[in-house]
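Q: Please take a close look at one residue in a loop and the stretch of chain around it, and then follow the thread outwards to other parts of the structure. I am in my first year, so please go slowly and explain any word I need before you use it.

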Amino acid sequence: MNPARGTPPLTLLIVGGYGTFGGRLARLLSDETRVALLIAGRSREKAEAFAASLGGKAKATGLAFDWTGDNIGARLEVLKPDLVVDASGPFQMTGPDPYRLARACIALKIHYLDLADATAFVTGIAALDTDAKESGVFTLSGCSSFPALSFAALEALAPGFSRIDGIAAGIAPSPKARMGLNVVRAVTSYAGRPIKILRDGRPATGYGLMDGMGMTIAPPGCVPLRRRRFVLADAPDLALLPERLPGLQSVFTGAGTEPQILQRLLGLLAWLPRLAIVPSLVPLAPLFHRVSRLFAFGEHRGGMVVTVSGAGMTGAELRRSWHLIAEGEDGPFIPAMAAEAIIRGMLAGHAPAAGARPAAGELRLADFEPLFERFAILSGIREDSAAEQARPLYRRVLASSWNTLPAAVAAMHDSGETRTVRGRARVERGTGLLSRLTAAIFRFPAAKADVPVSVCFTCAEGRETWTRRFGERAFRSVQSAATGRDEGLLAEDFGPFRVLIALVPEKRRLRLVIRGWRFLGLPLPLSLAPGGDTFEEERDGVFRFHVEIGSPLTGLIVRYNGWLS
């Protein structure tokens, strides 16, 4: 279907159209003149109010629609949509006739897709395949983060593997994103419940919100999310991946929410249904929903990660991961973007093939990337392999964002050889007692308007020792790629102190952002970390640096800027 000028728009009925994700899909399409949006829900007043609030180019109409009613077929015949999107949820609790809406659409030759993420619902849609093909319509389930986006990431990660052993994926929503009550109901529905997983190549049983693993979401060139524990979540990938990859040894899908203490509390409560003390935690969903809003502590950022491990073409171990971070309120748009990508494909004349199936493999990352660009969403791929470990340090940490660096900045870091570079600098020092004492301990240079500077880079075993000399004064640090809970960061050691740094290419600069610090391995408060406005850039073809070191306790300790060649 490719609506052209003068042809009727694509009529899109969004069931749950003013809800958490249905509403965001409507907003994503509100600028599209080639669609007519029917915003549907149980409340006509809410639907009409939401439709009026869109204010975009698309014609939007609010109406009452209950897919559980007796006259669903007749209602669809009156509305005559070209496509129905079910965003109502929770799909873990659809009752004895879960595909009633999908079957009604097939009978009337209406295309259908949903934003389901429940394993049984998404995998079971294939039972309608024959009927959908006979009607000539597509019926897709799981047009959401799992499995549509996760499988798109998997396709991008898979080239170069001779064998894939394990796949782990997780979603980390922002604690300040306003999730709807139905989302909480979906989560509590499988808390403490057995979930079929794959472990050591054999079918096994995990328990919702109880089994878990630690992961870090760290897109190249972005300040990463803090490492957290992801707890087992019911997602279609758990069933679909072993079917697609018969030799797979393990699969995990999880959610990592902040603050983590609330997630751990919910995991403890999950023992109640696991031990059959209560049948389910769903009755407590309204309480959990209110508590999550009251205790919305943490950074207003969310993300997603998909990690693939196995062997490369030479048989050596290989690990690749795709990472995504969304800032602020942009994260909750992501689960609706697979549906948006399919709809925009229809408008361009590329409708999915007829038939009923999960949406796994229907889209590629290239379909999502232009949709991400409208938001503060950054994604990229990291690799852990012997070849990658042989690269220079900054290339490894920056990964796929390395190519965004200015030439002079890249040249300064693109060598694994020991070398010395020279230039000139201006140095300023803080005047407070604590700042002067700290500067003396670390042998930071004295204040001077113009001083010769040299940096000797000594490279060995994947580390770089930087010996900076300002005139006669020298100080040294050791840089390395952080691992474990600090994955994705650069670690810089000054004696017993370790500073953890995010490398962020930004507006033709490489900005260095402090994300943590430690003394003898013990974490110290980030609010007291030594830092400031620190960056490297290219100006007139020359490498230039600007470094500020200070803290709330000491004020400015030292600031130096200059050039090196």
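A: A residue is called buried when its relative accessible area is under 20%, exposed when that area is over 50%, and partly exposed when it falls in between. The model you see is predicted, and the word "exposed" is the one needed to begin. With a relative accessible area of 82%, E461 passes the cut-off of 50% and therefore counts as exposed. E461 is found in the loop between β18 and β19 (463-470). Its backbone deserves a careful look as well, since phi of E461 is near 55 degrees, a positive value in a residue that is not glycine. To see why this is worth pointing out, keep in mind that most residues other than glycine have a negative phi, and that most peptide bonds are trans.

Elsewhere in the chain, D200 also has a positive phi, of about 55 degrees, although D200 is not a glycine. D200 is placed in the loop between β8 (194-199) and β9 (202-207), and its relative accessibility of 63% makes it count as exposed. The peptide bonds have their own departures from the general rule. One of them runs from F146 to P147 and is cis, with omega near 0 degrees, and P147 belongs to helix α7 (residues 145-157). Another cis peptide bond leads from E258 to P259, with omega near -5 degrees, and here P259 lies in the loop between β12 (250-255) and α10.

Let us now go back to the strand that comes before E461 and look at what surrounds it. The loop between α18 (433-441) and β18 (448-460) holds F442, while F494 is part of strand β21 (residues 490-494), so when these two rings pair they tie together parts that are 52 residues apart in sequence. The pair of F442 and F494 is edge-to-face, with 6.2 Å from centre to centre and 90 degrees between the planes. The two partners fall into separate accessibility classes: F442 is partly exposed at 22% relative accessibility, whereas F494 is buried at 14%. Both belong to one aromatic cluster, whose members are F442, F444, F470, F475, F494, F497, W517, F519, F545 and Y560. Across the whole structure, a search finds 17 aromatic pairs.

Rings can also have a charged side chain placed over them. R419 lies over the face of F457, at 4.3 Å from the ring centre. In another part of the chain, the charged end of R274 sits over the ring of Y207, at 3.7 Å from the centre of that ring.

From rings we can turn to charges that meet charges. Side chains of opposite charge can pair when their charged atoms come close. R518 and D486 are such a case, forming a salt bridge in which the closest N and O atoms are 2.6 Å apart. R518 lies in strand β23 (residues 509-519) and D486 in the loop between β20 (473-481) and β21, so this pair ties together parts that are 32 residues apart in sequence. Both R518 and D486 are buried, in contrast to E461, which is exposed.

A second salt bridge shows another arrangement, with both partners inside one helix. R44 and E48 lie in helix α2 (residues 44-54), four residues apart, which is about one turn of the helix. Their closest N and O atoms are 3.0 Å apart, and both residues are partly exposed, R44 at 43% relative accessibility and E48 at 36%. E362 forms a salt bridge too, with R357 as its partner and 2.6 Å between the closest N and O atoms; E362 is partly exposed at 27%. Some charged residues are joined into a wider arrangement, for D31, E32, R34, E340, R344 and R374 are linked in a network of salt bridges. In total, a search of the whole structure finds 32 salt bridges.

Finally, exposure is not limited to charged residues such as E461. L265, L268, W271, L275 and I277 make up a nonpolar patch on the surface, with about 530 Å² of accessible area together. Within that patch, L268 is part of helix α10 (residues 260-269), and its relative accessible area of 59% makes it exposed.

How values were computed
Residues numbered from 1 in each chain as written. Predicted model: local features only at pLDDT ≥ 70, side-chain atom pairs only at ≥ 80, totals over all residues. Heavy atoms only, no water. Phe/Tyr/Trp six-rings, centres within 6.5 Å; stacked < 30°, edge-to-face > 60°. Buried < 20%, exposed > 50% of the residue type's maximum accessible area, 1.4 Å probe, protein only. Lys NZ or Arg CZ within 6 Å of the ring centre and 35° of its normal. Patch = residues over 30% accessible without salt bridge, like charges linked within 9 Å, V, L, I, M, F, W, Y side chains within 5 Å. Areas by Shrake-Rupley, 256 points an atom, 1.4 Å probe, with all protein chains shown as cover. Salt bridge = Lys/Arg side-chain N within 4 Å of Asp/Glu carboxyl O.
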